[in-house]
Amino acid sequence: MSGEPGKSRIPLRTLLGGIPLVFLLWVTGGALGDRVRELNTGEDVTVTAVSGCVEDGPPMSGRFPYCEAGWRFDDGRTGQGRINGERVAEGDRIFAGDGFAYPSRSNRVLSLVMVALCGLVLLGMLIGLGVLYRKTRTWRRRGK
């Protein structure tokens, strides 16, 4: 009976370690989906008006520079909102869609790549956790 509690701890450890990783993979998948959607639906637009930009804030404060602006799509539609990133001026070309705007398409591509890499690292950690569990389980069986 003294060996039974040891057997129940490994699946519990795996479960406790695996749940956060699965959750993080799920969040990563959602973030990837958002970025892919933005890349598929966005287009290059022309800034028509800039109402103000915020550039202050220490780098580690979590406040990023942005500008409030309006823009015109090539088909004549207009949009307005916050453009995250560096300062923009009237006449600049930005990457925007319905509900989002960024200084360029490359910002979204870079963000997509970074999220994908994080997801791959998390998936590798999940696979590594499974391999370690199997090795520990095999080692304990051989030791008895």
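**View 1. E38 touches F95, F100, Y102 and R108, with residues up to four places away in sequence not counted.** Contact means heavy atoms within 4.5 Å. This is a predicted model, in which local features need pLDDT of at least 70 and side-chain atom pairs count only at pLDDT 80 or more, while totals for chains, interfaces and linings use all residues. Residues are numbered from 1 along each chain as its sequence is written, and side-chain values use heavy atoms, with hydrogens and water left out. E38 is found in helix α1, residues 4-41. Helices (H or I, at least four residues) and strands (E, at least two) are DSSP runs, numbered from the N terminus. With a relative accessibility of 8%, E38 counts as buried. Buried means under 20% relative accessible area, exposed over 50%, and partly exposed in between, with a 1.4 Å probe and protein chains only.

**View 2. The protein contains two helices and five strands.** Read from the N terminus, its elements follow the order α-β-β-β-β-β-α. The protein has 144 residues, of which 25% count as buried. About 9,900 Å² of the protein is exposed, and carbon and sulfur atoms supply 61% of that area. Accessible areas come from the Shrake-Rupley method with a 1.4 Å probe; for residues, only the protein chains shown count as cover. Among contacts with a separation of 6 or more, 55% are between residues 24 or more positions apart.

**View 3. The five strands form an open sheet with antiparallel pairing, in the order β3-β2-β1-β4-β5.** β3 (78-84) and β5 (100-102) are at the edges with a single partner strand each, so one side of each has no neighbour in the sheet. From one strand to the next, the twist averages 40°. Axes are lines fitted to C-alpha atoms, for helices over the stretch in contact, and angles run from 0 to 180 degrees between N-to-C directions. Two strands pair if DSSP finds at least two bridges between them. Strands of a sheet pair through backbone hydrogen bonds, either parallel or antiparallel.

**View 4. Strand β4 (residues 93-97) pairs in the antiparallel sense with strand β1 (residues 43-54) over four bridges.** In this pairing, T46 stands opposite R93 and V45 stands opposite I94. Four of the five residues of β4 are buried, so this strand is largely enclosed by the rest of the structure. β4 also pairs with β5 in the antiparallel sense, over three bridges. G97 of β4 is opposite F100 in β5. The hairpin of β4 and β5 has two residues between the strands, and G99 takes a positive phi there, near 95°.

**View 5. One disulfide is present in the structure.** The bond joins C53 to C67, with an S to S distance of 1.9 Å. C53 belongs to strand β1 and C67 to strand β2 (residues 66-72), so the pair ties together parts 14 residues apart in sequence. A disulfide is taken as a pair of cysteine sulfur atoms within 2.5 Å. The torsion about the S-S bond of C53 and C67 is about 105°, so the disulfide is right-handed. C53 is partly exposed at 22% relative accessibility, whereas C67 is buried, with a relative accessible area of 0%. The strands that carry these cysteines, β1 and β2, pair in the antiparallel sense over seven bridges. G52 is opposite E68 in β2.

**View 6. Helix α2 comprises 39 residues, 105-143.** At 1.5 Å a residue, α2 should span 57 Å, and its end C-alpha atoms are 57 Å apart, which agrees. The expected span is 1.5 Å times one less than the number of residues of the helix. The buried residues of α2 include R108, S111, L112, V115, G119 and L122. An α-helix has 3.6 residues a turn, so residues three or four places apart point the same way. C118 is partly exposed, with a relative accessible area of 44%.
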